[in-house]
Structures are given as C-alpha cells and as structure tokens.
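Subject: The structure I promised you

Hi,

Here is the structure I said I would pass on. Have a look at it first, then read my notes below with the viewer open.

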Amino acid sequence: MWRNLASNALTFLVVLFFLFGGALIWAQNTYVSEGPLEQPICVQVDRGTNFRNVSEDLAADGAVSSAALLRIGADYAGKTAELKAGSFLVPEGASMEQIVDIVTRGGASTCGTEVVYRVSIARATVQVRELDPATGRFVEVAEFNPAEEAEPAEYTAVKAEADTRYRVALAEGVTSWQIVQELGQIDILEGEIEEIPAEGTLAPDSYEVSPGDSRTDLLAQMASAQERILAEAWANRQDGLPYDSPEEALIMASIIEKETGTPDERFLVSSVFVNRLEQGMRLQTDPTVIYGITRGQGVLGRGIRQSELRADTPWNTYVIDGLPPTPIANPGRASIEAALDPADTEYVFFVAKTLDPSDGHNFAVTLAEHNANVAAYRVLEAQREN
C-alpha cells in the first residue's frame with residue numbers, strides 16, 4: 001500500500017513539474033511574443049503612479065493580454081522600479097517585453113501634445129501639435145507668431161495640461177542675438193540673459209524644455225552641444241586645411257551655412273572657400289557683408305548696395321583678406337563637418353543657378369566660366385523684373 005502511495009505521489013510531482021514547466025514556457029513565450037494591440041496607442045504614465053496601475057491601464061486598452069503577467073515579467077527583469085513618467089507611443093503588436101522597455105527606458109516622451117518654439121532666420125513661431133498614434137505623425141493644432149498675434153486658445157489650454165511637452169527648435173544659421181531675443185519671448189522659461197553668447201557657439205538643434213527652466217541653463221546646453229560637435233569634427237578633419245584653430249573652422253562653417261541651404265552643396269561650397277584661401281584670394285561672400293551691416297541683429301530685408309560692398313567692416317570679405325574675425329551665424333553640424341572635410345575640387349567661383357535658392361549653384365574653375373554663369377543668372381533677374 002505504501003509503495004502504491006509513494007508511486008502515486010511521485011507521479012503527481014512529475015505531472016506537477018511538467019505542468020509548472022509548461023506554464024513557465026507559455027508565460028515566457030507570451031511575454032516576448034507579438035501582443036494583441038491592433039493599432040498604436042499613447043500610454044500616459046503619471047508621476048508617482050506604480051506598475052500595477054500602468055499594467056491595468058494597458059490591459060484595459062487591449063495592449064496586453066494579462067496585466068499580472070506584464071508585472072511578473074517586469075519584476076523578473078528588474079524594471080518594476082524604473083517606471084518613467086511621460087506619454088509614450090506603444091506601436092501595433094508590441095510585445096509585453098517591448099512595452100516594459102518603452103515605459104522604463106527614460107528619455108523624452110514620444111507622443112501626446114507638444115509645443116514647439118521655432119526660432120528661424122526670418123521669424124519665430126509657436127506650434128502646438130498632437131501625435132497621431134495611428135500614423136506616427138504630428139498633426140498641427142495651432143501655430144502663431146507671438147510677436148504679431150495673440151495667444152490662441154489651443155496654446156492656453158495645453159499649457160494647463162501636466163503632460164504637455166515643450167521643445168525649442170533652432171534653425172541652422174540663426175544668430176546668437178536672434179536666439180536670445182526669442183528665448184526672452186518664451187513664457188514658460190525663466191530668468192534674465194545677461195550677455196549674448198559669442199556668435200557661432202550655439203548648436204542649432206531641438207531642445208526639450210520644461211516650464212520653469214532657466215534661459216541661461218538652456219543657452220549653456222546649446223553651447224556645450226556646439227563645443228562637442230566642433231571638437232569631434234576637428235578631430236576628424238582633413239589634413240592640410242588652412243585653419244590654425246577650431247575657431248577658424250567655425251567661422252568658415254558659418255559662412256558655408258549662410259551661403260547654401262542645399263545639403264549636398266555644403267562640401268562643394270566649402271571647397272571653393274578653402275581653394276580661395278589657399279590661393280590667396282579674398283572670399284568675397286555676400287553674407288559677410290550683410291553681417292557687417294546688421295551685426296546679426298535681424299534680417300537686412302533688402303539688397304546689398306554697392307557702397308556696402310566697399311565698406312570697410314571687419315567682416316566684409318570683399319575688403320579684408322582671409323577669414324572675418326568671428327562667425328557670422330550659428331552653423332549646424334553639417335556645415336561644420338563640411339568646413340573640415342571639403343570636397344576635392346578646383347572650384348573657386350559659384351553663383352546661384354536660378355532665382356530659387358533651393359535650386360543650388362553653378363560652380364566654376366575659371367573666371368570665364370563664372371562670368372558666363374553670372375550672365376545666365378542676370379537674364380533670369382531681368383525676366384523677373386519684366
């Protein structure tokens with residue numbers, strides 16, 4: 001009898017072991033396999049919440065098949081305590097493992113409402129936009145120019161929401177004066193800016209900010225980013241370039257930035273200016289003349305006069321030899337890299353192809369070729385006037 005009882009108990013334990021093993025394998029497969037979500041959603045993780053609440057919300061939204069299994073998997077991975085507040089995009093079919101990673105890895109929120117303060121060369125705007133989870137694209141809700149328009153109701157409403165994200169986006173080629181002026185108009189930032197940063201030292205990029213952030217701290221972040229970009233590009237520069245320091249390369253990068261908005265042309269434009277420096281030719285570039293007039297404080301808004309081409313300013317490269325004493329704008333990474341890795345050409349001239357700047361330039365080696373290109377451009381100008 002005891003032998004039969006022992007045999008039955010052993011059989012039961014074996015069955016129980018296999019059942020447990022099977023359940024464990026099922027749970028593991030379920031945790032890493034494609035989830036039931038049929039279309040992307042935004043999941044909101046409130047500050048101070050816990051993984052139980054988040055898991056139950058995800059289950060209610062149909063993103064996971066089991067809230068308990070999600071918590072068990074997160075706990076086993078040691079991520080339960082790493083939950084991050086924010087709004088996060090959960091893609092279609094995301095596994096539990098992927099969802100846990102999304103809500104615990106940190107960084108910027110990836111969906112929800114976003115306010116973007118755009119600082120461009122000609123104007124500054126404030127854009128309110130929402131991410132459409134189904135397409136992964138932002139949809140504009142409102143846009144306005146704070147210098148010219150009243151604050152719209154949409155902007156007022158999203159500022160009152162705790163999960164609204166904010167971003168300051170700088171266009172390549174804006175000046176330090178422009179950046180300081182526009183940061184002063186952003187009402188969620190705090191503090192006074194005592195001094196305008198040196199021209200060229202701020203990295204054009206997109207910066208996430210929060211209400212109450214310091215304007216001075218944001219400028220310091222921009223300066224640190226530009227310093228890193230310049231140092232990296234300088235370390236990887238071509239041999240034999242006509243620069244004595246990274247600062248001179250930054251000056252060149254700012255000229256390249258203002259001369260072309262066509263990404264593919266930056267390295268060609270760089271080659272023209274490098275070739276001119278190496279041949280002892282003056283750079284003769286209009287943006288340096290304009291900077292000598294405006295000092296970077298706004299847009300000239302008209303053509304350059306002949307007298308201004310001859311004006312003796314420190315930046316006028318029709319008058320001075322070599323590079324101007326400072327950058328003429330804040331160049332982006334691509335222009336910095338172009339300044340330090342120019343294309344291998346013999347070009348020393350270029351002029352716009354058409355009246356549309358996006359069409360790029362015609363490049364030339366000889367003055368005769370350049371004059372022909374200039375003549376073709378003058379014809380287009382005359383046709384426009386007629």
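One term before we start: a residue counts as buried when its relative accessible area is under 20%, and as exposed when that value is over 50%. Also keep in mind that this is a predicted model.

With that in hand, go to helix H10, residues 286-294. Its buried residues are Pro287, Thr288, Val289, Tyr291, Gly292 and Thr294. They pack against two other helices, H8 (246-259) and H11 (306-309). Right after H10 comes Arg295, which has a positive phi, near 55°. Arg295 sits in the loop between H10 and H11, and with a relative accessibility of 40% it counts as partly exposed. Another residue to look at here is Gln284, in the loop between helix H9 (266-278) and H10. Gln284 isn't a glycine, yet its phi is positive too, near 50°. It is partly exposed, at 39% relative accessibility.

Next, try strand S6, residues 165-170. How many of its six residues are buried? Six of the six, so the strand is largely enclosed by the rest of the structure. You can check this face by face: Arg165, Arg167 and Ala169 are buried on one side, and Tyr166, Val168 and Leu170 are buried on the other. S6 also has strand partners. Strand S3 (residues 113-119) runs parallel to S6 and is joined to it by six bridges; in that pairing, Val115 stands opposite Tyr166. Strand S7 (residues 206-209) runs antiparallel to S6, with four bridges between them, and there Ser206 is the bridge partner of Ala169.

Now for the cores. The largest nonpolar core has 55 residues, and the ones with the most contacts inside it are Tyr117, Val168, Leu183, Met222 and Tyr243. Which helix gives the most to this core? That is H7 (residues 215-235), with eight residues. Tyr117 is a nice one to click on: leaving out residues up to four places away in sequence, it touches Tyr166, Arg167, Val168 and Ala169, among others. Its other contacts include Thr125, Tyr155 and Ile186. There is also a second, separate core of 22 residues, which includes Leu37, Ile99, Val100 and Val103. As background, nonpolar side chains in soluble globular proteins tend to be buried together.

Helix H2 (residues 51-60) is good practice for spotting a one-sided helix. Its buried residues are Phe51, Val54, Ser55 and Leu58. They cover an arc of only 100° around the axis, so they lie on the same side of H2. The general rule behind this kind of pattern is that an α-helix has 3.6 residues a turn, so residues three or four places apart point the same way. What do the buried residues of H2 pack against? Strand S1 (41-45), helix H3 (67-76) and helix H4. Look at both ends of H2 as well. Asn50 caps the N-terminal end, with a side-chain oxygen 3.1 Å from the backbone nitrogen of Arg52. After the helix comes Gly62, whose phi is positive, near 80°.

Last stop: Ser95, in the loop between strand S2 (86-90) and helix H4 (96-104). Is Ser95 buried or exposed? Its relative accessible area is 3%, so it is buried. Setting aside neighbours within four places in sequence, Ser95 is in contact with Tyr31, Val32, Ser33, Glu34 and Gly35.

Have fun clicking around!

Note on methods: Residues are numbered from 1 along each chain as its sequence is written. This is a predicted model: local features need pLDDT of at least 70, side-chain atom pairs count only at pLDDT 80 or more; totals for chains, interfaces and linings use all residues. Side-chain values use heavy atoms; hydrogens and water are left out. Buried means under 20% relative accessible area, exposed over 50%, partly exposed in between (1.4 Å probe, protein chains only). Two strands pair if DSSP finds at least two bridges between them. Contact means heavy atoms within 4.5 Å. A nonpolar core is a set of buried Ala, Val, Leu, Ile, Met, Phe, Trp, Tyr and Cys residues joined through side-chain atoms within 4.5 Å. The arc is that of the directions from the helix axis to the C-beta atoms. A polar contact is a pair of N or O atoms within 3.5 Å; within protein, one must be able to donate a hydrogen and the other to accept it, and residues adjacent in sequence count only if both atoms are side-chain atoms.
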